[in-house]
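Please take me on a tour of this model in the viewer, telling me what to select at each stop and what I will find there.

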Amino acid sequence: MSAMPRRRFLQSAAVTFAGGAIYQRAQGAPLLPLAELRAQGAVVVSTWPFGQPANEKALKVLQAGGAGLDAIEQGINVTESDAGNPSVGLGGIPNADGVVQLDACIMSGPGHRAGSVGALSGFPHPISVARRIMETTRHVMLVGDGAAKFATEQGFARGPELTAGQRDGWEKWRREQAARPAPAKAATGGAAAKPDNHDTIAMVLLAPDGHLYGGCSTSGWGYKLAGRVGDSPILGSGLYVDDDIGAAGATGIGENVMRYCGSFLVVEYMRQGLHPQEACLETIRRIAKKDPKGFDLSINFVALDKKGRFGAAGTGSGFEYSVTCGKFSRVLQSPGLTSSKVGPIGGNRK
Ligand code: SD4
């Protein structure tokens, strides 16, 4: 804890408590109890600090009478439009061929509807394309050229080409690849897993209508192989919403989430009675128990249940996530799990 700023520590300590208590303890100041927060109408939870402005936009949309799906779409559009974000939208790190390929999905609790798009190039708002797939086709997922054709036919505007900065970064990466010894040159794809080359916005929300909604959008793993699709557009992996129970989303190395249907698992643990935070922790424990890499996975989850309780957890030192509800809009630190900090298997069922 020595290097951890006091503010961060308070937030980190606070999130080890159950949902309602989080509000009371975060920042060390009394905040609103859960019932009052819910009375304010909506709870929005998303991954990373860049989720905060997206949450705030989502809340505004709801406060103006917008639907849950409008809030998800327009909230995530904020992150997708941020040209300085290297991991969401067309400002993202390109793939190994120098092309930015985007993944996204959206899910509606009511009707259990979903839309998804994988490896989409040229369009700035994959979450909007995913929603259009959900609302206007009989399919759930479109990928690659077919997805781009659909977006064109639907009148979505194309986005900007690669910037000089993106191209320079890609060319530098290519030079580094070329300089690597022969065995390392196999077509593995992807830069080394660093925290700055793969982030996603996964957003889940409980709307004033009492229903749950979610969305997820990313440019994926920087310098991934062309055509690689990660967990983010895969329902049950990067995102899952069950309107009876709760919603969950993921960020991190998609390959380590999608082999376990991570978000589905979080929701299933909530169904068994775990608090959302405990459900995230338990999902990571379960994955790490089976995976040859143990806890060395770079995976993180956010979760929200039907009562408006929320939580998050990640491997390693955890990650920062954003929570917005009424006047409360904060970035919180999730707990993290390592092989020496596993915690109880089985969780505390209520
Ligand atoms: C992916 N899960 O494409 C995404 C990237 C991410 O934090 O979330 N990184 O694997």
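In this predicted model, begin by selecting the five strands E7, E8, E9, E10 and E13, which form an open sheet in that order, with mixed pairing. At its two edges you will find strand E7, residues 239-242, and strand E13, residues 336-337, each of which pairs on one side only.

Next, move into the sheet and select residues 246-252, which make up strand E8, together with residues 299-305, which make up strand E9; these two strands run antiparallel to each other and are joined over seven bridges. To look at a single pairing, pick Gly-249 and then Val-302 of E9, which is its bridge partner.

Now add the helices that lie against this sheet. Residues 262-271 form helix H10, which packs on the sheet and touches E7, E8 and E9, with its direction at about 145 degrees to that of E8. Then select residues 276-290, helix H11, which also packs on the sheet but touches E9, E13 and strand E10 (310-315), and whose direction makes about 25 degrees with that of E10.

For the last stop, turn to the interior space: how many cavities of 30 Å³ or more does the structure hold? There is one, and the volume of this largest cavity is about 70 Å³. Select Gly-220, Trp-221, Arg-228, Gly-252 and Gly-254 to find the place, since of the 15 residues that line the cavity these lie nearest its centre. Sorted by class, the lining comprises eight polar, five charged and two nonpolar residues.

Conventions. Residues are numbered from 1 along each chain as its sequence is written. This is a predicted model: local features need pLDDT of at least 70, side-chain atom pairs count only at pLDDT 80 or more; totals for chains, interfaces and linings use all residues. Side-chain values use heavy atoms; hydrogens and water are left out. Two strands pair if DSSP finds at least two bridges between them. Helices (H or I, at least four residues) and strands (E, at least two) are DSSP runs, numbered from the N terminus. Contact means heavy atoms within 4.5 Å. Axes are lines fitted to C-alpha atoms, for helices over the stretch in contact, and angles run from 0 to 180 degrees between N-to-C directions. On a 1 Å grid over the protein atoms alone, a cavity is a set of points where a 1.4 Å probe fits but cannot get out, and a pocket is an open set with protein on both sides within 12 Å along at least five of seven lines; lining residues have an atom within 4 Å of a point. Grid points are joined across faces, edges and corners, and a volume is the space filled by probe spheres set on the points. Ala, Val, Leu, Ile, Met, Phe, Trp, Tyr, Cys and Pro count as nonpolar, Asp, Glu, Lys and Arg as charged, and the others, Gly among them, as polar.
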